[in-house]
Amino acid sequence: FRHELQLSRLLSSRIRRTLADAGWEPRSLEGIAISLGPGSFTGLRIGVAEAKSLAYALEIPVIGIGTLEALAADQPPGAT
């Protein structure tokens, strides 16, 4: 594993770096979307906990969406 099973320790700093790279401040977020799977149980659990914590701290909504639904929404109608 590239993250050497340290995902929960690295996630917050990676989120901060991603926001900074995009030129966004955490307070500029209006909501958070999080994948609900399918995926690794532990990975999903860590991600959902992080998203809920950040949303709570920023007082913004959080919404869960299935990974397959998100991937399908990115495809044009009739794509195979």
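Is E59 buried or exposed? In this predicted model, E59 has a relative accessible area of 72%, and since the cut-off for an exposed residue is over 50%, E59 counts as exposed. The residue sits in the loop between α2 and β2, and its backbone deserves a second look, which is taken up below.

It helps to begin with the overall layout. The protein has three helices and two strands, and reading along the sequence gives the pattern α-β-α-β-α. Taken along the principal axes, the C-alpha atoms fill a box of roughly 40 × 30 × 25 Å. Of the 80 residues in the protein, 15% are buried. Among contacts with a separation of 6 or more, 65% are between residues 24 or more positions apart. One pair that is distant along the chain is S12 and L54, 42 residues apart, whose C-alpha atoms are separated by 9.2 Å. S12 belongs to helix α1 and is partly exposed, with a relative accessible area of 27%.

Helix α2 offers a convenient check of geometry. The helix runs over residues 41-58, and its 18 residues should span 26 Å at 1.5 Å a residue. The end C-alpha atoms are 26 Å apart, so the expected span and the model agree. The buried residues of α2 are G47, A51, A55 and L58. These four cover an arc of only 70° around the axis, and therefore they lie on the same side of the helix. The spacing fits a general rule: an α-helix has 3.6 residues a turn, so residues three or four places apart point the same way. On the face turned away from this buried side, α2 carries the exposed residues F41, K52, Y56 and A57.

What do the buried residues of α2 pack against? Their partners are helix α1 (7-21) and the two strands β1 (32-35) and β2 (62-65). Two of these partners, α1 and β1, also appear together with α2 in the description of the largest pocket, as elements that each give two or more residues to its lining.

That pocket holds about 220 Å³ of space. Its lining is made up of 13 residues, and those that lie nearest the centre are I15, I32, A33, I34 and A51. A51 is thus found both in this central group and among the buried residues of α2. Which element gives the most to the lining? The answer is α2, with five residues. By chemical class, the lining divides into nine nonpolar residues, three polar and one charged.

Two backbone features in the loops on either side of α2 round off the picture. As general background, most residues other than glycine have a negative phi, and most peptide bonds are trans. In the loop between β1 and α2 lies P38, and the peptide bond from G37 to P38 is cis, with omega near 10°. The other feature comes just after α2, where E59 takes a positive phi of about 55°. This is a positive value in a residue other than glycine, found at the exposed position with which this section opened.

Terms used
Residues are numbered from 1 along each chain as its sequence is written. This is a predicted model: local features need pLDDT of at least 70, side-chain atom pairs count only at pLDDT 80 or more; totals for chains, interfaces and linings use all residues. Side-chain values use heavy atoms; hydrogens and water are left out. The expected span of a helix is 1.5 Å times one less than its number of residues. Buried means under 20% relative accessible area, exposed over 50%, partly exposed in between (1.4 Å probe, protein chains only). The arc is that of the directions from the helix axis to the C-beta atoms. Contact means heavy atoms within 4.5 Å. On a 1 Å grid over the protein atoms alone, a cavity is a set of points where a 1.4 Å probe fits but cannot get out, and a pocket is an open set with protein on both sides within 12 Å along at least five of seven lines; lining residues have an atom within 4 Å of a point. Grid points are joined across faces, edges and corners, and a volume is the space filled by probe spheres set on the points. Ala, Val, Leu, Ile, Met, Phe, Trp, Tyr, Cys and Pro count as nonpolar, Asp, Glu, Lys and Arg as charged, and the others, Gly among them, as polar.
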